[in-house]
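Biologist: Before I accept the terms used for a model of this kind, I would like to hear what stands behind each of them. Could we take them one at a time?

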Amino acid sequence: MQGQGRIGARLAQAVPTILLLSVIVFGLQQLMPGDPALIIAGEAAGDPHVVAQIRAHLHLDAPIALQYLRWLWGVLHGNLGYSWRLDEPVTALVAQKLPVTLQLSAMAFLFAVVIGVPAGVISAVKRDTVWDFIANGVGLFGLSIPTFWLGIVLILVVSVDLGWLPPSGYVPLMQDPLRSLATTIMPAFVLGNAIAATFMRHTRSAMLSAMEQDYVRTARAKGLSEPRVVLRHALRNALIPVVTLGGLQLGTLLSGAVLTEQVFGVPGFGKLVVDSVFNRDYPVIQGVVLVTGALYIALNLLTDLLYVLINPRLRAA
Amino acid sequence: MRKLLLALGLLCASLAPALAAPPTTLRIGLREDPDILDPTLSGSYVGRIVFAGMCDKLFDYNTKLEIVPQLATSYTYKDPTHLILHLRPGVLFQDGEKFDAAAVKATLERDLTMPGSLRRGQINDITSINVIDPLTVEIVLKQPDSPLLAQLAGRPGIMLAPKAIASEGRQFGLHPVCAGPFRFVSRVPQQKIVLEKFKRYWDAKAIHFDRLVYEPIVNSAVRLANLQSGALDLVEFIVPTDVAAVEKDPKLRIAMDDALGYLNVIFNVGNGPEAKTPIGEQAKLRRAFGLTLDRQALVNAVYKGLYAPVAQANAPSSRFYIPAIQPPKRNIAEAKKLIAETHVPTPIHLTLMVPNSPDLLQVAQIMQAMAAPAGFDVKIQATEFASALAAARAGQFQAFLIMWSGRADADGNMYSFLHSGYGFNYGHYDSPVVDKLLDESRIHQKLATRKAIYAKVFAQVNEDAPVIYLWAQKNIVGLKKSLLGFRQVPDGIIRVQGLHFAN
């Protein structure tokens, strides 16, 4: 009951947060230099009448507050507006891109967890050994290597030279699961690589701290095996900050892996936002930011719930 | 016996799909994602490439940039304001509707009246479109308009299915229906546009693929990797620095020809307070700046020597190119002399606004170094493209390094750029002489007469120097060696008719 109340309170907090987010995004994009009408006119921008007509058609001459209220009214009725560049409903674009981003993020997250957490544990348990050195080296590599460089190198080696995987593009999971995996495995690895390094560093630090706690010494004194001490007692406690980090990282992934999506031509949120910003396609920017904000809040809520699962003390609080 | 024959027939019918040749797909890589696929509302260059696969026009260009028939078989001018078009019989739109004079009228009237139409400015001399008979249409103009035929070989000439435009309205671009070789199937923005062969296309024998897929890939290295790995069959633009990599690959080849696009520096000579600088006010200083530039050295350094230096808006591939107008050689002594005549103390400060792309920034840096010995202090202002356009329109610039994709008809490269009051004339150059000449050029049909007028325009423009033309680009297409029948037209648009794979 108490838990339900807490969730209800968090959901109630989300509404003003999203509203504030929409006001900030709307205001910020008005501050962006550049005229959407000029971009839409493209090669026809030489004719001032064409540009003026586009401005009128998109209500760009109306006061900003009125533009915002018109958009908000649409949102409240489930209508995020139309893309100025494609004349396509923003909801349709979001529905098209969201599964792509979710799949890519989930795969990248899986890579990150599978590589980062065990590497962090080994590094802490085998502190100051060659294993620690290797794990730290891999972590440093992952953190410092630019994603666009790694992406292009992978494309050249894996796709062009070896011909193992397609160099770019995307196939929906439901359409052809194998080809879908083939198109997303490289971008997911590139994306997960940097996060794996972050996971590794945080897991190592949390594990080192946990391994020095009294309950670990007690567990050892009770005669438990070392793997049981490490995995059951130390790791479980060390995971709390790692879960927090995971929630934040997953949120970042969902908000768009801009560079990775650009390099691999994955048509997800990141690519959509970048193209929309360059083309000053305001309705799309607003729609995507709103949806991303909502997802971020949902993930934070989920992270809070995970705490309760991991740490029984929080259930009583 | 009859039963046996029937059974054999059924067996053959059931096997036919399995025995038929596998569907062939042509995959084309684009440099960016097109905007809306509605010819009335579209403004992007790459959109024209997709339309070429999907939508036929009244006229087209051949490789020499001559206007040739497509959906119109011929034309005659009854008088300078009455154009008669004779239409191709037996043409169908992809929804089965007949193409006729009424369709021409419906399409052109849509271009002229639809809110937000980007085509109106191109054909606004049209006062009425009259159906003479199902295959003859008369276009009435308010004044002679020599670039009109060229417009009808461009986006305004794309014919749209009347029933589809009536039923779809503004959503037409989501399900376009034209009279071209491939019909629209689906689009995933930023990923791909899929078309399939329209079997009742009037020139079906020229089409050798079942499907046509356009894939936008912004990063040039990734575009190249897709071509090298075989994921793409043709890439419409290879950057000059990647040409060697394609040539080295035994499976690939480069098709390269003069393009229509050009790069130029536009000076702010009358657009707001930023024009009130010595270089904005004195043509001699602008000419001096032009004399400091070694165009060929710039092209060699940044574009592997592939582009052609020019001093006019029409590229060497254009029928309007005037060979006698050549860019001056770099001459620092002459530049210093011109500066001295103005009595303006050096250094002369100049802020050069440059769209934020690596090659243009390199060009700007070399220009900065080249202009310094004559006494110019050039500051480079790298600006994101959309912001640069807005700043240019608002007059918030002193000089602007900008590219134009180019048009086959000279009017499309000059009128909006040099005539007072037009949108691409960012620097507000205002010369009554040039305005009069440009207006006059629109009245005459003969190429020689128009070229003579344009020669006078360039003489005046190169004297006033509101613009310094730098070089014309190349169309650099990368394709598989096994892909045959490619016709390279200087407008850079990929025609799919005649393209086929060996074997």
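Modeller: In this predicted model, eight residues of domain 1 of chain B are in contact with 13 residues of domain 2 of chain B, where contact requires C-beta atoms within 7 Å. The two domains of chain B span residues 29-174 and 259-474, and their centres, taken over C-alpha atoms, are separated by 32 Å.

Biologist: What makes up the side of domain 1 of chain B that touches domain 2 of chain B, by class?

Modeller: That side of domain 1 of chain B has six nonpolar residues, one polar residue and one charged residue.

Biologist: How do you know where the largest nonpolar core lies with respect to the domains of chain B?

Modeller: The largest nonpolar core has 228 residues, and A41(A), M159(B), C178(B) and F400(B) touch the most other members. Domain 1 (29-174) and domain 2 (259-474) of chain B both give residues to this core, so the core lies between them. As for A41(A), if neighbours within four places in sequence are left aside, its contacts are V50(A), V51(A), I54(A), G43(B) and L118(B).

Biologist: Why is M186(A) called buried?

Modeller: A residue is buried if 20 or more other C-beta atoms lie within 10 Å of its own; M186(A) has 24 C-beta neighbours inside 10 Å, and therefore it counts as buried. M186(A) lies in helix α8 (residues 177-211) of chain A, and, apart from neighbours within four places in sequence, it is in contact with L154(A), V158(A), L165(A) and F264(A). Between M186(A) and I54(A) there are 41 Å, C-alpha to C-alpha, and the two are 132 residues apart in sequence.

Biologist: What makes chain B as compact as a globular protein of its length?

Modeller: Chain B has 17 helices and 19 strands. Its radius of gyration is 25 Å, and the globule rule gives 23 Å for 503 residues; the two values are close, so chain B is as compact as a globular protein of that length. The C-alpha atoms of chain B fill a box of roughly 105 × 55 × 35 Å along the principal axes, and 50% of its 503 residues count as buried.

Biologist: Which helices and strands does chain A have, and what share of chain A is buried?

Modeller: Chain A has 14 helices and zero strands, and 41% of its 317 residues count as buried. Its C-alpha atoms fill a box of roughly 85 × 60 × 35 Å, taken along the principal axes.

Biologist: How do you know that the buried residues of α16(B) are on the same side of the helix?

Modeller: In helix α16 (residues 432-441) of chain B the buried residues are V434(B), L437(B), L438(B) and S441(B). They cover an arc of only 100° around the axis, which puts them on the same side of α16(B). Among the elements that cover these buried residues are α15 (411-418) and α17 (447-464) of chain B.

Biologist: What does each chain give to the contact between chain B and chain A?

Modeller: The contact takes 41 residues from chain B and 46 residues from chain A. On the side of chain B, the elements giving two or more residues are α4 (120-123), α7 (220-229) and α14 (385-393), and by class the residues of that side divide into 19 nonpolar, 16 polar and six charged.

Notes. Residues are numbered from 1 along each chain as its sequence is written. Chains are lettered from A and ligands numbered from 1 in the order in which they are written. This is a predicted model: local features need pLDDT of at least 70, side-chain atom pairs count only at pLDDT 80 or more; totals for chains, interfaces and linings use all residues. A nonpolar core is a set of buried Ala, Val, Leu, Ile, Met, Phe, Trp, Tyr and Cys residues joined through C-beta atoms within 7 Å. A residue is buried if 20 or more other C-beta atoms lie within 10 Å of its own, exposed if 12 or fewer, and partly exposed in between; C-beta atoms are placed from the backbone. Domain bounds come from an automatic or database domain assignment. Two residues are in contact if their C-beta atoms, placed from the backbone, lie within 7 Å. Helices (H or I, at least four residues) and strands (E, at least two) are DSSP runs, numbered from the N terminus. Ala, Val, Leu, Ile, Met, Phe, Trp, Tyr, Cys and Pro count as nonpolar, Asp, Glu, Lys and Arg as charged, and the others, Gly among them, as polar. The radius of gyration is taken over C-alpha atoms; the globule rule is 2.2 Å times the number of residues to the power 0.38. The arc is that of the directions from the helix axis to the C-beta atoms.
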